[in-house]
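Colleague: Let us go through this model step by step. Please put the sequence and the structure up first.

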Amino acid sequence: GLFPIGLATLICQAPCMMSPPIRRAITGWLLKMNSRGEEQQASTVAGLMGEYTAAKALEVGRATFTGLPFSGLNEEDLSTNKDTGLNQRIVPLQPGGCDIFMSHSWHDTPSVKWEALTKWAANFEATNGRELILWLDKACIDQQNIEASLACLPVYLAGCQQLLVLAGKTYIERLWCVVEVFTFTRMGGNLD
């Protein structure tokens, strides 16, 4: 129940318990205990990330879940992680209502990412008969409250139908990229 999860979360946040092997073991234990679906597993991972408990991360993540219509994005938006007004183009969504969670490194070449994403979006539209809705960090994370929004990252990932990885040279060197892939696999995601 909630007591063991709260206790394990408290233990994970204690400085003496921050070693990676112990943190992995406790995370695995929590996920096995709390295996009531992708969203619940994601909220548990989010709770371990700091800002919120698992329950609070799930609550906030659901309330702040948004997506960006592909037509609201352009190549210049992918050239910097600085605000380019994308937050003004997002739409509120219910969890499960976003087509893809776009995982990428801001340090990789924007034109290469844009070319791959454009092809992917065109294929999606041809197959589904509608515009792609994507989750992109700088659009869908509250830029005025980044720390709190990042704590909900696993919940946002769980709210998307697919994970699209635009992996360039620096992708595996970026912590948040690794966290996204870790969360995806812990929720039962597969390479397809």
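Modeller: We start with a definition: a residue is buried under 20% relative accessible area, exposed over 50% and partly exposed in between (1.4 Å probe, protein chains only). This is a predicted model, where local features need pLDDT of at least 70 and side-chain atom pairs count only at pLDDT 80 or more, while totals for chains, interfaces and linings use all residues. Residues are numbered from 1 along each chain as its sequence is written, and side-chain values use heavy atoms, leaving out hydrogens and water.

Colleague: Is Q88 buried or exposed?

Modeller: Q88 sits in the loop between β1 and β2. Its relative accessibility is 69%. The limit is over 50%. Q88 therefore counts as exposed.

Colleague: What distance separates the C-alpha atoms of Q88 and A139?

Modeller: Along the chain, these two are 51 residues apart. In space, their C-alpha separation is 8.0 Å.

Colleague: How many helices and strands are there in the chain?

Modeller: Both are DSSP runs, numbered from the N terminus: helices are H or I with at least four residues, strands E with at least two. From the N terminus, the order is α-α-α-α-β-β-β-α-β-α-α-α-β-α. The count is 9 helices and 5 strands.

Colleague: What is the order of the strands in the open sheet?

Modeller: Two strands pair if DSSP finds at least two bridges between them. The pairing in this sheet is mixed. β2 (91-92) and β5 each pair on one side only, as edge strands. The order reads β2-β1-β4-β3-β5.

Colleague: Which residue in β5 is the bridge partner of I100?

Modeller: β3 and β5 run parallel and share 6 bridges. β3 is also parallel to β4, through 2 bridges, and there I100 stands opposite L134. In β5, the bridge partner of I100 is Q162.

Colleague: Which helix packs on the sheet at about 135 degrees to β3?

Modeller: Axes are lines fitted to C-alpha atoms, for helices over the stretch in contact (heavy atoms within 4.5 Å). Angles run from 0 to 180 degrees between N-to-C directions. α5 touches β3 and β5, and makes about 150 degrees with β5. The helix at about 135 degrees to β3, also touching β3 and β5, is α9.

Colleague: How many of the residues of β3 are buried?

Modeller: M102 lies in this strand, and its relative accessible area is 1%. Leaving aside neighbours within four places in sequence, its contacts include L117, L134, W135 and L164. β3 is largely enclosed by the rest of the structure, because its buried residues number 7 of 7.

Colleague: Which element gives the most residues to the largest nonpolar core?

Modeller: A nonpolar core is a set of buried Ala, Val, Leu, Ile, Met, Phe, Trp, Tyr and Cys residues joined through side-chain atoms within 4.5 Å. This one has 43 residues, and those with the most contacts inside it are L73, F101, L117, L134, W135 and L136. Elements giving two or more residues include α4 (54-63), β3 (98-104), α5 (110-128) and β5 (160-166). With 5 residues, the element that gives the most is α8.

Colleague: Which residues form one aromatic cluster with W135?

Modeller: Leaving aside neighbours within four places in sequence, W135 contacts F65, F101 and Y156, among others. Its partners in the aromatic cluster are F65, F101 and Y156.

Colleague: Why is the pair of F70 and W114 stacked?

Modeller: Rings of Phe, Tyr and Trp (its six-membered ring) pair if their centres lie within 6.5 Å; planes under 30 degrees apart count as stacked, over 60 as edge-to-face and the rest as tilted. The whole structure holds 5 aromatic pairs. F70 and W114 have centres 5.4 Å apart, and the pair is stacked because the planes are at 10 degrees.

Colleague: Which parts does this pair tie together?

Modeller: Both F70 and W114 are buried. They tie together parts 44 residues apart in sequence: the loop between β1 (66-69) and β2, and helix α5.

Colleague: Is W120 buried or partly exposed?

Modeller: W120 and F124 both lie in α5, 4 residues apart, about one turn. F124 is buried at 10% relative accessible area. W120 has 28% and is partly exposed.
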